[in-house]
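This report concerns the model shown below and is meant to be read beside it.

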Amino acid sequence: MKQILMIEASPRGKNSASRSVANALADLYPSAKLMRRDLAAEHLPHLDEITLQAISTKDLAEAERLKDAARQSDQLTDELLASDLLVIATPMWNFGIPSAVKAWIDLVVRPDRTFRYADSGVLGLANDKKAILVLASGGVFTEGPWRPWDFVEPYLRQILGFIGIVDVQTVRVEGMNIPLLAADAVPKAIEAVEELAL
Ligand SMILES: Cc1cc2nc3c(=O)[nH]c(=O)nc-3n(C[C@H](O)[C@H](O)[C@H](O)COP(=O)(O)O)c2cc1C
């Protein structure tokens, strides 16, 4: 593994289950170059009119004129494309991803950079990398009655697949709001991460 892009979204610092597991994961690749994007510290903007225009125009002169508006999206997209492993460590919030993660997705899922419309349909252009999802939740979503409420893993797998990332593994830190499960959730997830890295 040469280059890892780690997307972290929990604002809970050292108390964050997803961050604890993501840190353990990063420790398993000491020789990899690690690029961290802390979305809780860095407030990525929502797409506005000029940014949208800047990142979607096919007119080279217009792209040049609007290049400042595209800069942040360009940089985030370059980081993603340069990585061999993408790690998304995120809490479940209201059964989905935090809006900070959605803001990052909106800035990197870009026509002609990470996907392209082809005769055969959509072609993902980020297809040379793997992803690991570290997903923390208060409840349990891998089984049982709440399973259909999980809009985190299905959405992330779908959108990553759209840009060509289909080698996706998931590590769950679940039951954080269930006292009987919470105590073991992080150590269990760290064990799972260690197995992934083997
Ligand atoms: C705003 C907010 C919304 C949450 N929504 C859910 C939810 O819909 N389902 C769930 O199981 N847990 C929910 N939780 C619990 C978190 O997913 C859980 O505390 C998890 O450990 C957070 O990840 P972190 O420890 O990395 O911050 C929510 C927590 C917060 C603060």
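The following paragraphs treat the sheet, the helices, the hairpin and the ligand site in turn.

**The sheet**

The model is a predicted one. Its open sheet is built from 5 strands in the order E2-E1-E3-E6-E7, and their pairing is parallel. Strand E2 (33-38) and strand E7 (167-173) occupy the edges; each has a single partner strand, so one side of each lacks a neighbour in the sheet. From one strand to the next, the twist averages 15°. Strands of a sheet pair through backbone hydrogen bonds, in either the parallel or the antiparallel sense.

Within this sheet, strand E3 (residues 85-91) is joined to strand E6 (residues 130-136) by 7 bridges in the parallel sense. Ala89 has Val134 of E6 as its bridge partner.

Two helices that pack on the sheet can be described next. Helix H1 (residues 17-27) touches strand E1 (3-8) as well as E2, E3, E6 and E7. The direction of H1 makes about 145° with that of E6. Helix H6 (residues 153-162) also packs on the sheet, where it touches E3, E6 and E7. For H6, the angle between its direction and that of E6 is about 160°.

**Contacts between helices**

Helix H4 (residues 67-82) packs with helix H5 (residues 99-108) at an angle of about 90°, and their axes are 8 Å apart. H4 is therefore roughly perpendicular to H5, a description that applies to angles of 65 to 115 degrees. On the H4 side the contact is made by Ser73, Leu76, Thr77 and Leu80, and on the H5 side by Trp104, Leu107 and Val108. By class, these residues comprise 5 nonpolar, 2 polar and no charged.

H4 also meets helix H2 (residues 49-56): the two axes come within 8 Å and cross at roughly 75°. H2 and H4 are therefore roughly perpendicular to each other. Ile50, Thr51, Ala54 and Ile55 of H2 form this contact with Ala69, Ala70 and Ser73 of H4. The contact of H2 with H4 again divides into 5 nonpolar, 2 polar and no charged residues. Ser73 of H4 thus takes part in the contact with H5 and in the contact with H2.

**The hairpin**

Strand E4 (residues 115-118) and strand E5 (residues 121-124) run antiparallel and are joined by 4 bridges. Ala118 stands opposite Gly121 in E5. The hairpin passes from E4 to E5 through 2 residues.

**The ligand site**

The ligand is surrounded by 17 residues, of which the closest are Ser10, Arg12, Ser16, Ser18 and Gly139. The table lists distances from a polar protein atom to an oxygen atom of the ligand.

| Residue | Protein atom | Distance to a ligand oxygen atom |
|---|---|---|
| Ser16 | polar side-chain atom | 2.7 Å |
| Ser18 | N or O atom in the side chain | 2.5 Å |
| Met92 | polar backbone atom | 2.8 Å |

Ser16 and Ser18 are thus among the closest residues to the ligand. Ser16 faces a ligand oxygen atom through a polar side-chain atom, whereas Met92 does so through a polar backbone atom.

Key:
Residues are numbered from 1 along each chain as its sequence is written. This is a predicted model: local features need pLDDT of at least 70, side-chain atom pairs count only at pLDDT 80 or more; totals for chains, interfaces and linings use all residues. Side-chain values use heavy atoms; hydrogens and water are left out. Two strands pair if DSSP finds at least two bridges between them. Axes are lines fitted to C-alpha atoms, for helices over the stretch in contact, and angles run from 0 to 180 degrees between N-to-C directions. Contact means heavy atoms within 4.5 Å. Angles under 35 degrees count as roughly parallel, over 145 as roughly antiparallel, 65 to 115 as roughly perpendicular and the rest as oblique. Ala, Val, Leu, Ile, Met, Phe, Trp, Tyr, Cys and Pro count as nonpolar, Asp, Glu, Lys and Arg as charged, and the others, Gly among them, as polar. A residue is near a molecule or strand if one of its heavy atoms lies within 4 Å of it. A polar contact is a pair of N or O atoms within 3.5 Å; within protein, one must be able to donate a hydrogen and the other to accept it, and residues adjacent in sequence count only if both atoms are side-chain atoms.
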